[in-house]
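These are my notebook entries on a structure that was new to me. I set down what I looked up, entry by entry.

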Amino acid sequence: MKLVVFCLLAVCCCSLANTDVKDMQKRKLQEVLLQLSDVKESLQHSEQELRTPPKNIEDCCCLSALQCFRANLNVQFNITEKRKQRRLYNSLRDPFTVRGLDFCNSTCQDCASHPKEKASEFFSRLESLIERVRALMSCHIFTSLI
């Protein structure tokens, strides 16, 4: 009897902890979207071209796309001098953001092979990727995979 109660308690604790992690990931992605909005507003008129993953990226390549966006943001814009850009970059590096986009392993296109696009398209696609992952996280099927 004690063993059954202990097992039920363990299952409840694990499901609560898993729910907390998913909620933290969703909140972090929402924070990324807010920070992205600020940065996008100030940099979208830049004529710089950046390696930009496609809009129709496969679900298993979301983390690879995030890493590409993050690397380009770091290289192309001087993020150490601008507070909003640095905050966005740090949020993109945050473990909750990374785990939110890391839901399967696959061989994905290398960042260097993505075409260069203007900054406005770069930020638009990054925003689209984050929104898509947030929507996937809300689906019951997806949340059971994490």
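**Entry 1: leucine 63.** I looked up the contacts of leucine 63 in this predicted model. Setting aside residues up to four places away in sequence, I found that leucine 63 touches Val98, Leu101 and Asp102. I then placed leucine 63 in the chain and found that it lies in helix 2. Is leucine 63 buried or exposed? Its relative accessible area is 15%, and because buried means under 20%, I record leucine 63 as buried. I also checked the separation of leucine 63 from phenylalanine 103: the two are 40 residues apart along the chain, and their C-alpha atoms are separated by 8.2 Å.

**Entry 2: helix 2 against helix 3.** I next looked up how helix 2 packs with helix 3. The angle between them is about 155°, and their axes are 10 Å apart. Since angles over 145 degrees count as roughly antiparallel, I note helix 2 as roughly antiparallel to helix 3. The crossing of helix 2 past helix 3 is left-handed. Which residues meet there? From helix 2 I listed Leu66, Arg70, Leu73 and Asn74, and from helix 3 Gln85, Leu88, Tyr89, Leu92 and Arg93. By type, the residues of this contact divide into 5 nonpolar, 2 polar and 2 charged.

**Entry 3: the largest nonpolar core.** I then turned to the largest nonpolar core, which has 31 residues. Which of its residues touch the most other members? They are Leu73, Phe123 and Leu129. At least two residues of the core come from each of helix 1 (2-43), helix 2 (62-76), helix 3 (83-93) and helix 5 (119-138). Helix 5 gives the most, with 9 residues. I followed one of the three residues further: leucine 129 touches Ile57, Cys62, Ala65, Leu66, Phe69 and Leu101, again not counting residues up to four places away in sequence. Leu101 thus appears twice in my notes, as a contact of leucine 129 and as a contact of leucine 63. Leu73 also recurs, in the core and in the contact of helix 2 with helix 3.

**Entry 4: the whole protein.** Last, I looked up the overall layout. The protein has 6 helices and 2 strands. From the N terminus on, I read the order of elements as α-β-α-α-α-β-α-α. How many of the 146 residues count as buried? The share is 34%. Among contacts with a separation of 6 or more, 83% are between residues 24 or more positions apart.

Methods
Residues numbered from 1 in each chain as written. Predicted model: local features only at pLDDT ≥ 70, side-chain atom pairs only at ≥ 80, totals over all residues. Heavy atoms only, no water. Core = buried A, V, L, I, M, F, W, Y, C linked by side-chain atoms within 4.5 Å. Buried < 20%, exposed > 50% of the residue type's maximum accessible area, 1.4 Å probe, protein only. Helix = DSSP H or I, 4+ residues; strand = E, 2+ residues; numbered from the N terminus. Contact = heavy atoms within 4.5 Å. Axes fitted to C-alpha atoms, helices over the stretch in contact; angles between N-to-C directions. Parallel < 35°, antiparallel > 145°, perpendicular 65-115°, else oblique. Left-handed = near helix turned anticlockwise from the far one by under 90°. Nonpolar A, V, L, I, M, F, W, Y, C, P; charged D, E, K, R; others polar.
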